Amino acid sequence: MLGTVLLALLVLILLQTTQICVCLRELRAASSPPAQNATQQRLPGAIIIGVRKGGTRALLEMLNLHPDVEVAKAEVHYFNIEEHYQQGLAWYRAQMPFTLPGQLTVEKTPGYFASPQVPERVWEINPAVRLLLIVRDPAERLVSDYTQVLHNRMTRHKPYQPLEELLISQGHINPSYKALQRSLYHQHLAHWLDVFPREQIHVVDGESLIRDPFPELRRAESFLDLPPRIAPSNFYFNTTKGFYCLLSASGHDKCLDESKGRPHAPLRSQAFRKLCRYFREPNRLFFEMVGRSFSWC
């Protein structure tokens with residue numbers, strides 16, 4: 001009987017000693033400075049905020065050619081989807097890539113640009129964050145937006161109205177059509193400029209990025225305070241796809257997926273011209289806000 005009691009006491013002492021050692025190790029680890037080359041998930045220092053169907057994926061992949069840049073592979077939708085935002089900053093950080101000290105984390109979610117609540121939420125987390133806005137002809141963007149939705153509906157065998165029925169009502173442009181609202185760049189940019197200074201938002205020409213990527217990437221490097229590491233040799237024109245593909249320093253090449261460059265849904269030229277006329281004033285206001293103009297329809 002006495003032997004059993006002694007054995008039980010010995011086991012209890014051993015368990016308590018082990019637990020104390022584990023706790024001490026955890027405390028030492030928590031108090032020790034991280035190793036100089038330790039990777040960790042960091043909040044983004046730059047965010048591609050939009051626009052939808054403007055070339056955000058292309059811009060992200062091109063920036064990822066830089067050795068000092070790591071990108072979140074998927075759209076995070078932290079600031080514009082309430083379910084994600086309510087999960088808090090720890091959840092957002094967990095969506096980021098592991099980076100070394102000195103590397104820049106970049107995420108892109110084009111839905112941020114047109115969501116009025118997003119600018120203030122971004123500011124609260126990091127008022128020094130760099131913002132990249134890639135834009136293209138708003139009329140072409142609208143048709144591309146519709147084309148993507150149409151493709152997704154057809155894939156799920158669901159019906160969808162023709163573009164012209166959604167865009168034009170009783171002979172006039174329908175201002176309530178969501179794809180049209182997303183193309184009113186001046187309205188959405190105003191929300192961002194209410195919170196962030198203009199110099200913290202870099203505008204990328206989406207058409208130029210596709211036509212001749214290197215100059216736009218060099219300007220983006222400068223805006224992000226990155227040493228110039230992306231070179232013309234990082235791009236080659238794919239004659240089959242009709243646009244530039246990427247070539248990393250290790251020789252690995254990558255082209256954007258098949259959804260990029262998908263043929264647009266049909267829209268009669270008369271309707272397209274009406275759409276272009278509708279965008280004239282909104283475009284003029286946007287040009288004034290960003291201090292430059294674009295050759296849009």
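A salt bridge here is a side-chain nitrogen of Lys or Arg within 4 Å of a carboxyl oxygen of Asp or Glu. By that yardstick the structure, which is a predicted model, holds 13 salt bridges.

E61 is a handy place to start, as this residue takes part in two of the pairings described here. One partner is R57, with the closest N and O atoms 3.2 Å apart. Both residues sit in helix α2, which runs over residues 56-63, and because they are four residues apart, about one helical turn separates them. E61 and R57 are both buried. For E61 the call rests on a relative accessibility of 11%, and the label applies because buried means under 20%.

The other partner of E61 is K254, and here the closest N and O atoms come to 3.1 Å. This pairing reaches well along the chain: E61 belongs to helix α2 and K254 to strand β12 (residues 253-254), so the salt bridge ties together parts that are 193 residues apart in sequence. K254, at 39% relative accessibility, counts as partly exposed, whereas E61 counts as buried.

Next comes R182, whose side chain meets that of D145 in a salt bridge of 2.9 Å, N to O. This pair, too, links distant parts of the chain, with R182 in helix α8 (residues 178-182) and D145 in helix α6, 37 residues apart. R182 is partly exposed at 24% relative accessibility, while D145 is buried, with a relative accessible area of 1%. The pair doesn't stand alone, either: R52, R141, D145 and R182 are linked in a network of salt bridges.

D137 tells another story. This residue lies in the loop between β6 (130-135) and α6 (138-155). D137 is buried yet has no salt bridge. The nearest side chain of opposite charge belongs to R136 and is 7.3 Å away; a salt bridge needs the two atoms within 4 Å, so R136 doesn't qualify as a partner. What the side chain of D137 does reach is the backbone nitrogen of C297, at 2.7 Å. Leaving aside residues up to four places away in sequence, D137 touches Y185, E207, W296 and C297. C297 therefore turns up both as a contact of D137 and as the residue whose backbone nitrogen the D137 side chain reaches.

Turning to the rings, the structure holds 17 aromatic pairs. One of them joins Y278 and F279, which meet edge-to-face, with 5.9 Å from centre to centre and 80° between the planes. The two rings' residues fall into separate accessibility classes: Y278 is partly exposed, with a relative accessible area of 30%, and F279, at 0%, counts as buried.

Elsewhere, ring pairs link Y78, F79, Y85, W91, Y92 and Y112 into a cluster. Y85, a member of that cluster, also has a charged neighbour: the charged end of R121 sits over the ring of Y85, 3.8 Å from its centre. A further arginine, R130, lies over the face of F223, at 5.7 Å from the ring centre.

Definitions and conventions
Residues numbered from 1 in each chain as written. Predicted model: local features only at pLDDT ≥ 70, side-chain atom pairs only at ≥ 80, totals over all residues. Heavy atoms only, no water. Helix = DSSP H or I, 4+ residues; strand = E, 2+ residues; numbered from the N terminus. Buried < 20%, exposed > 50% of the residue type's maximum accessible area, 1.4 Å probe, protein only. Lys, Arg positive; Asp, Glu negative; His and termini not counted. Polar contact = N/O pair within 3.5 Å; in protein donor to acceptor, adjacent residues only side chain to side chain. Contact = heavy atoms within 4.5 Å. Phe/Tyr/Trp six-rings, centres within 6.5 Å; stacked < 30°, edge-to-face > 60°. Lys NZ or Arg CZ within 6 Å of the ring centre and 35° of its normal.
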